[in-house]
Amino acid sequence: MERIQKIIAHAGICSRRKAEEYIAEGRVKVDGQPVTQPGLKVDPKLAVITVDGKPLQEEKKIYLLLHKPRGYVTTLSDPQGRPIVTDLLPDIRERLFPVGRLDLDSEGALLLTNDGALANQVLHPRFEVKKTYEATVRDLPKKSELRRLEQGIVLDGKKTWPARLRVLKKKKDVAVIEIIIHEGKKRQVRKMFQAVGHSVIRLKRTAYGRLRLENLSEGRYRFLDKNDVKKLFL
């Protein structure tokens with residue numbers, strides 16, 4: 001017996017968190033009966049579970065790393081008609097979903113998969129999966145400002161977890177700073193720098209854990225093997 005949102009995630013439909021939304025919306029049925037409360041335990045070998053009328057099928061797990069360009073949204077559909085990241089995967093027949101978010105104006109490493117259980121691990125703060133970014137900011141922050149960010153600052157009423165920062169480049173009016181965090185709050189890196197008086201001009205995610213973007217060209221992707229997946233948690 002397993003919780004129904006976990007079963008849906010394992011089937012590669014979506015992440016566990018998104019499965020809870022589907023359940024609340026009445027899109028999930030067990031043996032023909034709608035389920036609206038997450039947490040229901042069923043036997044996946046005996047129960048007939050459908051999402052949007054389609055029965056679950058165990059798919060081969062696929063993992064890929066995409067170099068997301070700016071101008072794409074990390075959703076599976078967009079009511080405003082903007083380009084979505086899966087538009088960059090025309091040859092992929094399986095239904096993949098992005099793990100975490102990169103803003104429309106941000107770029108870099110984006111993990112896509114149909115493995116909901118792994119997506120949940122990457123996103124859950126308990127597993128502390130590190131995300132590395134290169135932030136180009138206006139003016140070089142003072143050492144005291146960098147220390148504030150490293151120690152954690154209050155955003156939207158909650159203190160951020162400690163971060164690691166390193167100045168990579170500095171010019172007359174801009175600086176490129178590497179920042180490593182394991183949280184994934186909306187627009188967090190931009191908000192952190194804004195909180196100390198430095199707006200982010202450009203933001204690029206370069207790694208999940210030790211899985212680095214390296215020389216992957218913008219708009220291109222590569223499949224990940226088991227060793228690559230392990231690097232997510234190192």
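A polar contact is taken here as a pair of N or O atoms within 3.5 Å; within protein, one atom must be able to donate a hydrogen and the other to accept it, and residues adjacent in sequence count only if both atoms are side-chain atoms. The structure is a predicted model, in which local features need pLDDT of at least 70 and side-chain atom pairs count only at pLDDT 80 or more, while totals for chains, interfaces and linings use all residues. Residues are numbered from 1 along each chain as its sequence is written, and side-chain values use heavy atoms, with hydrogens and water left out.

A good place to begin is K131. This lysine sits in strand β10 (residues 131-138); helices (H or I, at least four residues) and strands (E, at least two) are DSSP runs, numbered from the N terminus. K131 is buried yet has no salt bridge, and E183, the nearest side chain of opposite charge, is 9.5 Å away. Here buried means under 20% relative accessible area, exposed over 50%, and partly exposed in between (1.4 Å probe, protein chains only). For charge, Lys and Arg count as positive and Asp and Glu as negative, with His and the chain ends not counted; a salt bridge is a side-chain nitrogen of Lys or Arg within 4 Å of a carboxyl oxygen of Asp or Glu. The side chain of K131 does find a polar partner, reaching the backbone oxygen of V129 at 3.3 Å. With neighbours within four places in sequence left aside, K131 is in contact (heavy atoms within 4.5 Å) with V122, I179, I180, I181, H182, E183, R205, A207 and Y208.

Elsewhere, charged side chains do pair up: the structure holds 13 salt bridges. One of them joins R70 and E107, at 3.5 Å from N to O. This pair links distant parts of the chain, R70 lying in the loop between β7 (63-68) and β8 (97-98) and E107 in strand β9 (residues 107-113), 37 residues apart. R70 counts as partly exposed because its relative accessibility is 43%, whereas E107, at 1%, counts as buried. In another bridge, the closest N and O atoms of D103 and R190 are 3.7 Å apart. D103 belongs to the loop between β8 and β9 and R190 to helix α5 (residues 188-195), so this bridge ties together parts that are 87 residues apart in sequence. D103 has a relative accessible area of 15% and is therefore buried; R190 also counts as buried, at 12% relative accessibility. There is a network as well, in which salt bridges link E25, R27 and D52.

The hairpin of β13 and β14, with three residues between the strands, brings in a further charged pair. These strands pair in the antiparallel sense over six bridges, where pairing requires that DSSP finds at least two bridges between two strands. Within this arrangement, V176 in β14 is the bridge partner of K169. The side chains of R166 and E178 meet in a salt bridge of 3.3 Å, N to O. R166 lies in β13 (residues 164-170) and E178 in β14 (residues 174-181), so the bridge connects parts 12 residues apart in sequence. R166 is partly exposed at 47% relative accessibility, while E178 is buried, with a relative accessible area of 12%.

Attention now turns to the interior. A nonpolar core is a set of buried Ala, Val, Leu, Ile, Met, Phe, Trp, Tyr and Cys residues joined through side-chain atoms within 4.5 Å. The largest such core has 47 residues, of which I179 and F193 touch the most other members. At least two residues of this core come from each of β7, β9, α3, β10, α4 (143-151), β14, α5 and β15 (200-208). Beyond four places in sequence, F193 is in contact with A135, V137, L149, L165, I177, I179, H198 and V200. Apart from the largest core lies another, of 16 residues, including A19, I23, V30 and V42.

Helix α3 (residues 116-123) is mostly covered, with six of its eight residues buried: G116, A117, L118, A119, N120 and V122. At the start of this helix, a side-chain oxygen of D115 comes to within 3.2 Å of the backbone nitrogen of A117. Two residues of α3, L118 and V122, appear among the contacts of L232, together with L111, V129, Y208, G209 and L211, again leaving aside neighbours within four places in sequence. L232 itself is found in the segment after α6 (226-231) and is buried, with a relative accessible area of 1%.
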